[in-house]
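User: Hello! I am new to this structure and would like a friendly tour. Could you show me the model?

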Amino acid sequence: MQLSIPRGIVYHLVLQDIVYLIRAFFSPLTNQAKILKFEKKFAEYMGVKHCLAFPFARTAIYYSLKAKDLPKGSQIIMPPITIKQILDVVIACGLEPVFVDINPETLCFDSDKLKAALGPKTKAILLTYLFGMVPDLGELISLCKERDLFVLEDFSQCLNGKFADRKVGSFGDVGIYSSSSIKTLDTYGGGLLVCHNDLLYERLKEFKESLPRPSRTALILKIWTDLCRNVATNRIVFHVVTFPFLRLAVKLNPERVIKHVGHRSTQMLASLPEAWFEQYTSLQAELGLTLLPQVEEGDSVRAKNVQTIKSWSTDTGFRFPKGALKSENVYWQFVAYCENPLVMQKYLQSKRIDSSTTSLVYISNLPSYPYQGLTPNAETLHSNGMFIPAYPGLSQVEIRHIATVLNQSKTELQL
């Protein structure tokens, strides 16, 4: 029997979630020696000098901008697609976001459009490597250095991605990784900040040490969320329970089910929540130490699966981003452009393959915010970019089945 294929997975075992859920009720959460050990291990893993563990990536970005002490009204170049909370953080810091469209082949800033957007008020830039794709960082970083920009790299979806044999996250002034649910290194949340500069590190360390004790309840809820997702995507459970439910939900409310983990709020925040400013826990650090050695092997399998699907899918209704020269993509999500995602999702489900579009927000076009930007390439990616399953754990038979179905889609849907 061919089991249905989930749209995604959680990158640790159900048993680990159960064990950590139980421990979260009574284990110490503020063992600084354990957190420091994980920070040092992650810095070493990234090939940088320093690492600090914050509760969220958005928190790490907030304090990075605070540490730079940019003048109010300074402009920061931002990606058109990311989590909305980063936009809230930028505005809370008194900065003006300027949205630059993406290159549809690399999913990062188009260099010509970036040059045109730079002005006398531009002081910082947030590079975001969407879905594990690596752009031409030689060109982008060179341009940033010419303009003396403060460079933040959000490599939350691109851990172990490389350009010219150097890991992304290590090119800028700071690199930030979100170790949240369904990431390849998932520690039940957290924002791991890496940097080379000693003075910047000491300033950021002061901010980190000023944070209040973590909430045990919040940690328990995060672990519970991962456990639920992990059980729901267990192959037997998914085939028998989750997949039939999703197929029914697609019929009842297709616009809602098409998003990878559901829709997210697009309303502007009046103030930043206190929950964003609590300590990272030693229990999370312990899980990070356990999982970190496994990530590269999973990346290798996923990249191989993507290349196999691409090589077998010779005539499909999809178009795949080409990537950049000298880049090593990790494909946290294998994204492909298609004409009609709602129709395609139903078609793939009829072949026992679940798929989705991103749950990230198209932040350059939010009516509740005072800042917008014209970014048509990003709009196309957000609306028409579909995630094709290619994660570790799929058999070669399943990989071949996915490629075969993609090939058939053009003819069967008359694309």
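Analyst: Happy to. Two strands pair if DSSP finds at least two bridges between them, and strands (E, at least two residues) and helices (H or I, at least four) are DSSP runs numbered from the N terminus. This is a predicted model, where local features need pLDDT of at least 70, side-chain atom pairs count only at pLDDT 80 or more, and totals for chains, interfaces and linings use all residues. Residues are numbered from 1 along each chain as its sequence is written, and side-chain values use heavy atoms, with hydrogens and water left out.

User: Which residue in strand 12 does K162 stand opposite?

Analyst: Strand 7 covers residues 162-163 and pairs with strand 12 in the antiparallel sense over two bridges. Opposite K162, in strand 12, stands E328.

User: Which strands stand at the edges of the open sheet with the order 8-7-12?

Analyst: This open sheet has three strands and antiparallel pairing. Each edge strand has a single partner strand, so one side of each is left without a neighbour in the sheet. The edge strands are strand 8 (166-167) and strand 12 (327-328).

User: Which helix gives the largest share of the largest nonpolar core?

Analyst: A nonpolar core is a set of buried Ala, Val, Leu, Ile, Met, Phe, Trp, Tyr and Cys residues joined through side-chain atoms within 4.5 Å. The largest one has 54 residues, and F42 and L127 are among those with the most contacts inside it. Elements that give two or more residues to this core include helix 1 (14-23), helix 2 (32-46) and strand 5 (122-128). The largest share, six residues, comes from helix 2.

User: Is D112 buried or exposed?

Analyst: D112 lies in helix 5, residues 111-117. Buried means under 20% relative accessible area, exposed over 50% and partly exposed in between, with a 1.4 Å probe and protein chains only. Because its relative accessibility is 55%, D112 counts as exposed.

User: Which helix gives the largest share of the lining of the largest pocket?

Analyst: On a 1 Å grid over the protein atoms alone, a pocket is an open set of points where a 1.4 Å probe fits, with protein on both sides within 12 Å along at least five of seven lines; lining residues have an atom within 4 Å of a point. The largest pocket is lined by 39 residues, and R58, S180, S181, K183 and R264 lie nearest its centre. Helix 3 (57-68), helix 4 (84-92) and helix 8 each give two or more residues to the lining. The largest share, four residues, comes from helix 8.
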